Amino acid sequence: IAVNMQSKQVPIGYASRRALVVRSVAAPSSPSTTQTVAVKKTALKEWNVAIDALSRGDLTIVMRKGGIKEPVFKPSGRAFFLFPTSFHSDTQLLKPALGGRYTEALALEPKKMSHIPLTTYVQITGAWVTEDAAVLDALDDLHIWTPEFVEARLKWRGAQPLTLLELRAWRLALPLQLATREEYFGCFSNLELSGAAEVPSTVAAVPAVSDADFAQRQAVLRQRLTKVKVSELQL
């Protein structure tokens, strides 16, 4: 799916006014309410530990750069499944207090599985790019990674800015079992799943956090980003 994206300087509050809502999800939502969510047959690759954290409600942001085969990082849309990877499966990349919380997620090896579980569907509710190292301290308590990991991600492929995505996550009531295909693996970010019969047009899912909790986290993130040089990414 081709996406025309541009970045520009805008007031931080702008993204909160453009927060997306899945049309089939009734409001208000809470982590105990199973909802029917209309889904798109695309996926973004993400470290399985981050997926687990998003689905638990421990995390609402991810920091990304493009894969080796990509000149820049571009999500394929505003909503997608998260496809688990094990590229960074090292407990030393997690804050010390969190290592034991994600033991099962760390153990996942998708390439060795006949079917890969898709457990989480997300919407982008805010997107920014930055080259400002101040983002490390500004957002430290809003994510699960060690300073060393975040600093390394900021410096890796230094010509690319760091992309910060704010994600609203839904945990699938029953994970989809995606048959493993060789084309799913490689140094690229997005997957097209239109040919995967295992992926339906709607799923039953539970929001990782309530509407009120998510709105509060949005406000905190936007306040923190006023201290960082960022540009909003137009999707």
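Which residues do ring pairs link into a cluster? In this predicted model, the cluster consists of F83, Y184 and F185, which are linked by ring pairs. The secondary structure of the protein, within which this cluster is found, comes to six helices and ten strands. Of the 235 residues of the protein, 51% count as buried, and the points below start from the whole chain before turning to single strands, rings and side chains.

**The protein as a whole**

- Among the contacts in the protein with a separation of 6 or more, 89% are accounted for by residues that stand 24 or more positions apart.
- The protein exposes about 11200 Å², and carbon and sulfur atoms supply 54% of that exposed area.

**Strand 3 and its partners**

- Strand 3, which covers residues 42-47, is mostly covered, since six of its six residues are buried.
- This cover extends to both faces of strand 3, with T42, L44 and E46 buried on one side and A43, K45 and W47 buried on the other.
- Strand 3 runs antiparallel to strand 8 (residues 190-192), and three bridges join the two strands.
- With strand 5 (residues 79-85), by contrast, strand 3 pairs in the parallel sense, over five bridges.
- A43 takes part in the pairing with each of these strands, for it stands opposite L191 in strand 8 and has F81 as its bridge partner in strand 5.

**Aromatic pairs**

- The count of aromatic pairs comes to three.
- F81 and Y121 form an edge-to-face aromatic pair, with 4.9 Å from centre to centre and 70 degrees between the planes.
- This pair links distant parts of the chain, as F81 belongs to strand 5 and Y121 to strand 6 (residues 115-130), with the two residues 40 residues apart.
- F81 counts as buried because its relative accessibility is 0%, which lies under the 20% cut-off, and Y121 counts as buried because its relative accessibility of 2% also lies under 20%.
- F83 and Y184 form an aromatic pair that is likewise edge-to-face, with 5.7 Å from centre to centre and 65 degrees between the planes.
- The pair of F83 and Y184 also links distant parts of the chain, since F83 is in strand 5 while Y184 is in the loop between strand 7 (162-179) and strand 8, 101 residues apart.
- Both members of this second pair, F83 and Y184, are buried.

**Charged side chains over rings**

- K45, one of the buried residues of strand 3, lies over the face of F188, at 3.7 Å from the ring centre.
- The charged end of R168 sits over the ring of F214, at 5.0 Å from the centre of that ring.

**A buried loop residue**

- T146 lies in the loop between helix 4 (135-138) and helix 5 (147-155).
- Although T146 belongs to a loop, T146 counts as buried because its relative accessible area of 7% is under the 20% cut-off.
- When its neighbours within four places in sequence are left aside, T146 is in contact with Q92, L93, L94 and K95.

Terms used:
Residues are numbered from 1 along each chain as its sequence is written. This is a predicted model: local features need pLDDT of at least 70, side-chain atom pairs count only at pLDDT 80 or more; totals for chains, interfaces and linings use all residues. Side-chain values use heavy atoms; hydrogens and water are left out. Buried means under 20% relative accessible area, exposed over 50%, partly exposed in between (1.4 Å probe, protein chains only). Helices (H or I, at least four residues) and strands (E, at least two) are DSSP runs, numbered from the N terminus. Two strands pair if DSSP finds at least two bridges between them. Contact means heavy atoms within 4.5 Å. Accessible areas come from the Shrake-Rupley method with a 1.4 Å probe; for residues, only the protein chains shown count as cover. Rings of Phe, Tyr and Trp (its six-membered ring) pair if their centres lie within 6.5 Å; planes under 30 degrees apart count as stacked, over 60 as edge-to-face and the rest as tilted. A charge sits over a ring if NZ of Lys or CZ of Arg is within 6 Å of the ring centre and within 35 degrees of the ring normal.
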